[in-house]
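Here is a short briefing on one protein structure. Keep the sequence and the 3D view open as you read.

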Amino acid sequence: MARPERPLDSAPAELADFAAGLRELRRTAGNAPYRKLSQRAHYSATALSEAAGGRQLPSLAVTLAYVTACGGDPDEWQAKWEGVSRVLETPTESPDDTATAPYVGLSAFGVDDADLFFGREGLVDELEAKMARKRFVAVFGASGAGKTSLLRAGLLPRLVDGGARTVLFTPGRHPWEECAVQLARLTGVPAPQAHADLVADPRNLHRIVRQANPDQSDLVVVVDQFEEVFTLCDDPDERRGFITAICDASNTDTSGCRVVIGVRADFYAHCTQYPELVAALTDAHVAVGPMTTDELRQAIVQPAIRSHGIVEGALVAELIAQATGHTAVLPLLSHALLESWRRRRGNTITVSGYEAAGGIRGALAQTAENSFLSLDPDQRHAAKQLFLRLVALGQGTEDTKRRVPRRELDVADDLLDRLAAARLITLDHDSVELTHEAVIRSWPRLRDWIAEDRDLLRIHRQLTDATDVWEAHGRDPDTLYSGSRLIRAQESLGDVVTTRERAFLDASTAGELSRQVADRRRTRRLKQLVAMLSVLVLLFAGAVVVAVNAEREAARQRNTALALKAAGEVADMLDGDPAKAVKVALAARALATTPETAEALVNANAAIGQQSTTLSSSYSPATFSPHADIAVTPKNGDTPAMLWSVSGESAARTAYLDLDDALVRISADAKVMLTCDRKTYRTDIWDISDPGNPRKAGTLPGRQDVQALSENGRTALTTEVEESGREIKPMMWDLTDFENPKQLALPTTHLTSMRPDGRGLVTLRLSVNEPIDWTSSQFIDMWSLTADGQWSLQNSAEMGEGGLTYTTEYDGNGHFLTEQNLLASPRMRVWQVHDDGSIEKWVDIDTESPGQAELQLTDDGHYAFTDNAGMLRIWNIEKQLEPRLVTTVRGHGALAMIPLVHDNTLRFYDSRMGMWQLDLDVDRVMSRLCQDKGQELTPAEWTQYFPGAPQRSSCSR
């Protein structure tokens, strides 16, 4: 007999009515025991019982599972849940009142927050132990891993409690200046004198510390965000001197100085460029990786307890599941907890409050977007320019935040205060910076701005630096812009420049006009001289030839500069006016034959031929089969998930699918599909051999995260997932009988990739146990399935230099492996796989940003696509060890690539599901476009894009 339910008298009225409705739904469904409902809902009986208990509002996922198991209408109950959630979620405090909040949001924990800093005690112990053995220690970790909090709220309070004297600073643009100011506060040496001494001789850092420590007690110098030495400091001499100083100060026998630096992991390769730093780092670094489950629980629960609050158990489990195994999630976790705290019920942080805040992945984006949309149009324009100025564009690394002096900004104080109140930016007495780099990663609008205006941002940043130099040299005319550089800045930047930058451009324009007047005077005098000396032309024929050649060379250089400028402008026309982009690209190519003009012509030709597909009307990107002949668009609002048959630019909807939020894998033969629910990890097997009648034919046992599906759809590779979200082990399945999938034996628990035919595996392993050390050797093992169904180790090889690899994937034919590196560089590597399982390095490809780019190969193995934040690069990799960049398509983000179509033409779909075809034969493209007589620029257009160059036919040979 089913156990009676507890009374609902003590529950709030809205919650009691909701729970009573669930109970009535269960009664009308036959009053089945919760144990039986659990089998249908794939949630525990306890979770389902508590959903109707009336103590708290269950999560939306549990509610819908309960309703579905009882045969109710999920849409109706979702509406009910949202209504109750809105009633219950009346914030306890004002969203702007964060003085008593136990979470710091995007900000790093500081020394004053030490009593709220939990979960990293073991790592602080490890850091202290390392400092006891080494006088120089580096803390490496990804952006968002918690390095700054570890140093400021973990290490520094312990050092101070132990009686140590400490200095903490970030390098900024001038590390010597920052160091001198901090030393002055502690040692009593005047800051100007300390700065002059450090610049004169880097070894003076050691001497200043000794002078200030007559008792020979150690001074601990903590340099946080050490990567700023590479991203913000533009003076290579100052950078090298600073690095030499901190290494020498910690290495000298009589040193009274210890040094701890915090460095983003993707700048490890930058550190290895300095021998003294390499020597100091030997066995002297601590890696900040993901928090364990217990550490996450402490970080989530203990701050609330310190503030006499509690966190719902279901929310703790959800947060741990979302954060476990993710290194860079901590700022997002802290921000989500802060927003959930603001929406707490009484003293309890609830699941519903967390979901109302947007969750880990959405809370920051929701905060940023709401803050931006609350501004008026003028403020939005100013805010956009501000955020773009606060980003340092990565060159071989991820984009980072940039500290900007207030004198560089033309932004009203009230706007700065509003953005600071939202914790998106941090204000200092003379500078502004993003609160955390997570704002760059997690706010889609800012990512889009950066992707759209990346080249413009580089031009603008160069202008800002040039303005600083101009002012620093007393507005010296020799530091002004001139020529094509001035033209490009004037035409590109428009109204985004500040008052001081406008003054620099105005001065540059005036200087350029003066130079042009002087040039014309010189030209006129030259003509007069030529006329006077014309009678001597025969005697000076040689001199005339030299002058003519010089004039031709000058004209060639001018034409090349103008063509490169026009080629850069073509990229900005592709979306708005592709027809004009073709005309300008043809003219630039006719004026100068360079790789840049070839790239502009190829992209313009592709843009004018770019075709919208039926899928373009979908609100979300599609998931394609390996050959892009089948696609699935996810559910979006009231629009259900759909299955499509795709042929080039046309796509026909064949069926609606009962899917919510699922990961989709489709076999290469387009007959089998796996769908993995992203919340419950229920994985269903679909028979889609008849696209008009897809059939859910089976379900994999347990909670499975799908990794790969063989080309014939008969073998699947998954990872088993615990309720907490932690991945346990890889599993392999025989799907021959959809209704009864069979688990297959695996040779190892370190699986990373499956060969497309399902009969081969690749494994990555280290030569040492955890914790991972960057000096560890790494091996790749190749496995093959024998005729009797046993796994055989074909080959084992060391991966070689360059840091740790974290992913390898087979190409569509199983002839190549693609490898992405973890820390040391933005390198992605392609390996050729031989029949005997041995591998051979084929090419290295530089993606310019580690951890973000995706790499795919065409099935013929001739081309590689790297897609990095909306910048698609196409590489020719036919020749071993000699990758050649063919072209770059900016701002379109390839989602699906199709193998070589024919005759040097490539095809892909962009982020709007438009189809692009890239003909890489430049001469053929030019010949075909020139068949249209309307491709010539008008005289006015020619003057606009190629001022000073005589007009010529765009299609002349």
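A search of this predicted model finds 13 aromatic pairs across the whole structure. One of them joins Phe-230 and Tyr-274. The briefing begins with that pair, then moves on to charges over rings, a cavity, two sheets and a helix.

**Aromatic rings**

- A pair of aromatic rings is described by the distance of the centres and the angle of the planes.
- For Phe-230 and Tyr-274, the centres are 6.2 Å apart and the planes make an angle of 40°, so the pair counts as tilted.
- This pair links distant parts of the chain, with the two positions 44 residues apart.
- Phe-230 belongs to helix α11, which covers residues 228-231. Tyr-274 sits in the loop between α13 (268-271) and α14 (275-281).
- Are Phe-230 and Tyr-274 buried or exposed? Both are buried.
- The two residues also belong to one aromatic cluster. Its other members are Phe-169, Trp-176, Phe-226, Phe-242 and Phe-267.

**Charges over rings**

- Lys-80 lies over the face of Trp-77, at 4.1 Å from the ring centre.
- Arg-344 places its charged end over the ring of Trp-341. The distance to the ring centre is 3.9 Å.

**The cavity**

- Rolling a probe the size of a water molecule over the atoms shows where empty space is left.
- How many cavities of 30 Å³ or more does the structure hold? It holds one.
- The largest cavity has a volume of about 30 Å³.
- Its lining is made up of Gln-225, Glu-227, Glu-228, Thr-231, Thr-400, Lys-401 and Glu-437.
- Two elements give two or more residues to this lining: α11 and β9 (400-401).
- By class, four of the lining residues are charged and three are polar. None is nonpolar.

**A sheet of three strands**

- This open sheet has the strand order β10-β12-β11, and the pairing is antiparallel.
- Which strands lie at the edges? They are β10 (404-405) and β11 (425-427), and each pairs on one side only.
- Two bridges join β10 to β12, which covers residues 431-434.
- Pro-405 has Ser-431 of β12 as its bridge partner.

**A sheet of four strands**

- A second open sheet follows the order β13-β14-β15-β16, again with antiparallel pairing.
- Its edge strands are β13 (623-624) and β16 (650-657). Each of these pairs on one side only.
- Between β13 and β14 (residues 630-633), the antiparallel pairing runs over two bridges.
- Thr-623 has its bridge partner in β14, namely Val-632.

**Helix α4 and the loop before it**

- Leu-57 lies in the loop between α3 (45-51) and α4 (60-69).
- Why does Leu-57 count as buried? Its relative accessible area is 2%, and buried means under 20%.
- Leu-57 and Phe-18 are 39 residues apart along the chain. Their C-alpha atoms are separated by 8.4 Å.
- Helix α4 is mostly covered, with eight of its 10 residues buried.
- The buried residues of α4 are Leu-60, Val-62, Thr-63, Leu-64, Ala-65, Tyr-66, Val-67 and Ala-69.
- Just after α4 comes Gly-71, which takes a positive phi of about 80°.

Note on methods
Residues numbered from 1 in each chain as written. Predicted model: local features only at pLDDT ≥ 70, side-chain atom pairs only at ≥ 80, totals over all residues. Heavy atoms only, no water. Pairing = 2+ DSSP bridges. Phe/Tyr/Trp six-rings, centres within 6.5 Å; stacked < 30°, edge-to-face > 60°. Buried < 20%, exposed > 50% of the residue type's maximum accessible area, 1.4 Å probe, protein only. Lys NZ or Arg CZ within 6 Å of the ring centre and 35° of its normal. 1 Å grid on protein atoms, 1.4 Å probe; cavity = no way out; pocket = protein on both sides within 12 Å on 5 of 7 lines; lining within 4 Å. Points joined across faces, edges and corners; volume = space filled by probe spheres on them. Nonpolar A, V, L, I, M, F, W, Y, C, P; charged D, E, K, R; others polar.
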